Amino acid sequence: MSIPKPGPRLLWALLFFFIINDATAQSAQMWKERAQLPYIKDSIALIDAMNRVGLLYQAKNVDSCFYFGLKAKALSQQMHYLKGETDADNVIAIAFSYRGLIREALSLYSSALANYQRMRDTANIVQMLMNTALVYAQVDTLKSRAYFHQAIAMGSQLKQDSIMSILFANYCICVPSLSTDSIHYYLDKSRAIALRYKLDWISVLIMQMQADVLTGQGSKEALPLLKECLDKSRQLNNEVFEINALAGIGSYYEQSAPDSALKYYYQAYEVVQKSGYTTMMVSGATPILAAAKRTGNPANISRAQELLENALTKENANLKNFIGDYVKYNNIEEANKLLAVSNHNKQSKIWLLISICIACALLAIFIYRQYRVSNQLNKKIMEQNNDLQTTLTALEQSQEDNTRIMKVVAHDLRNPVGAMTTIATMLLEEGAQSPDNQIMLDLIKTSGEHSMEMVDNLLMMHSRSEELKKEKADIYDMLRYCVDLLQFKAENKKQHIHLGAPRVTLPINREKIWRVMSNLITNAIKFSPDGADIFVQMEEKSGEVVITVKDNGIGIPDNMHDKIFQMFTTTRRKGTAGEHSFGLGLAISKQIVEAHKGRIWYESQPGYGTTFFVALPTT
């Protein structure tokens, strides 16, 4: 059978049912639920019960619906019960939509939808999308249809999908652009779901939709269908469907039999009054006046006018009460917003304080752990320092013993080596030696001189500041003596030593500083070519005297820069005339200079010569 497209007259009746799961015996259920409220001790259960009572009141008394929604929301906020507060927003939004406060209703539905999405409550998400679509149906059919589509898509994910039955029915009523085939499809789905969940009132609803359309078409088939709806509504004890069926019959007779229409409209109005559906009084009295005017009976018209005036008076009184409640609601909402901001600030301060406390605690723990680790490390370091000090003391003692032995050995070697060198020199000076003897004596003399040089170097090793015996000495006289003494060596290579120095007196160990200068001048002679000039100069600077020995010899390669002051260095080289080098002179010179709190360094360019600097403090 083809399902005719429903008209808009049923919309007001259907809106009452878009939340209640059980649409039978609304009044009895409402009074039963309300009577139980004082006996509910659990706050969460009380909030849920008040929200249910508010939903049951929506068609009877908008003020009571609004009142219970406000009570449930206030208690939910005290208990921090998000679901209860969201359900209460839904109840309040229903009251707003009845009073025509579209913007306020949509705002609350949007907030409730966001909360249900956060709670992942799919059933209530579908409910809010449908409620939003129903409100938009009054002002914007395109947005209404879009929200219906979202609700249908989301509802397809539900396992318990009983809500889809009323969703499909509402979709057919609220979207006028649907084709007859689409209406047939969605109502069939609605009826199938209703049968599966035994929702008999859905079947009655669909029958009323059919009858309403047939009435609009002037079909006589509408009357028996409406009477069947009336009987089934009374069997279900559903006052709203009974009112709608009686009004439907009145609408059927409106053109052909105004008296009959008036009779059924009055019956519908009596059910409205008897059941306490104050929200339907004006909408119920309006068709009575229209039917009375069609009868042409002044008494009927007068009675109908009086009925409508009383309904409007009560409606205005209810509206004034609602406005007062709405003002209170706005004040409460503003206060709640201010309180929320204050609480947020307090919570922020509390969390900041907690964070600071945690940070301090962690810092204290870290400091304590570091303190313990530091103590352990200090203990280990002290133990290692003690071990190191013991080892160092032993090494120093061993070094002193080695130095003492070395000096004794070197001293004991000095006399025989010196005697050997002297004898060889005397024999060579006597002459009259055979060539072979001459060669042997030269070898003995040279070896002796080298050995004496090594012995002198060994005796100079390990000079320390505390061992030095200083006395004031004329540095110029010391340098002059040293230059004169070494002039014969320079003359052997046709070299000339130039001395340029003022007279300066310093507290030094004359013998050791002489050894340093002798070693530097000897090296200049050794590593300079024949005929070269060697310059020995001295100048006073701030707090020190700087002596320089400059030659134009072979220079020092870059790869030897870090090694020439090392003891027993491997960087030894022969002089320009094949002179031997023991690699001790510069290391010993460095020890002596540093024992005088001085400095020794050099500048060199390979192939162009070297300049050594010795800086000695004036005090």
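Here are three short exercises on this predicted model, each with a worked solution.

**Exercise 1. Work out which strands stand at the edges of the five-stranded open sheet.**

Solution. Start with the strand order, which is 2-4-5-7-6, with mixed pairing. Now look for strands with a single partner: these are strand 2 (496–500) and strand 6 (599–605), so one side of each has no neighbour in the sheet. On average, neighbouring strands here are turned by 15° against each other, ignoring direction. Next, zoom in on one pair: strand 4 (residues 533–541) and strand 5 (residues 544–550) run antiparallel and are joined by seven bridges. Within that pair, glutamate 539 sits opposite valine 546. Finally, see what lies across the sheet: helix 19 (residues 510–526) crosses strands 2, 4, 5 and 7, running at about 25° to strand 5.

**Exercise 2. Check the length of helix 18 (residues 475–492) against what you'd expect.**

Solution. Take its 18 residues at 1.5 Å a residue: the span should be 26 Å, and the end C-alpha atoms are indeed 26 Å apart. Then follow the path, and you'll find a bend of about 40° at leucine 486. Leucine 486 is also one of the buried residues of helix 18. Their cover includes strand 1 (471–474), strand 3 (505–508) and helix 19. At the N-terminal end, aspartate 474 acts as a cap, with a side-chain oxygen 2.9 Å from the backbone nitrogen of tyrosine 476.

**Exercise 3. Decide whether asparagine 244 is buried or exposed.**

Solution. First place asparagine 244: it belongs to helix 13 (residues 239–253). Buried means under 20% relative accessible area. Asparagine 244 has 1%, so it counts as buried. Its side chain makes a polar contact of 2.7 Å with that of glutamine 208.

Methods. Residues numbered from 1 in each chain as written. Predicted model: local features only at pLDDT ≥ 70, side-chain atom pairs only at ≥ 80, totals over all residues. Heavy atoms only, no water. Pairing = 2+ DSSP bridges. Helix = DSSP H or I, 4+ residues; strand = E, 2+ residues; numbered from the N terminus. Axes fitted to C-alpha atoms, helices over the stretch in contact; angles between N-to-C directions. Contact = heavy atoms within 4.5 Å. Buried < 20%, exposed > 50% of the residue type's maximum accessible area, 1.4 Å probe, protein only. Polar contact = N/O pair within 3.5 Å; in protein donor to acceptor, adjacent residues only side chain to side chain. Expected span 1.5 Å × (residues − 1). Bend = angle between axes of the 7 residues up to and from the residue.
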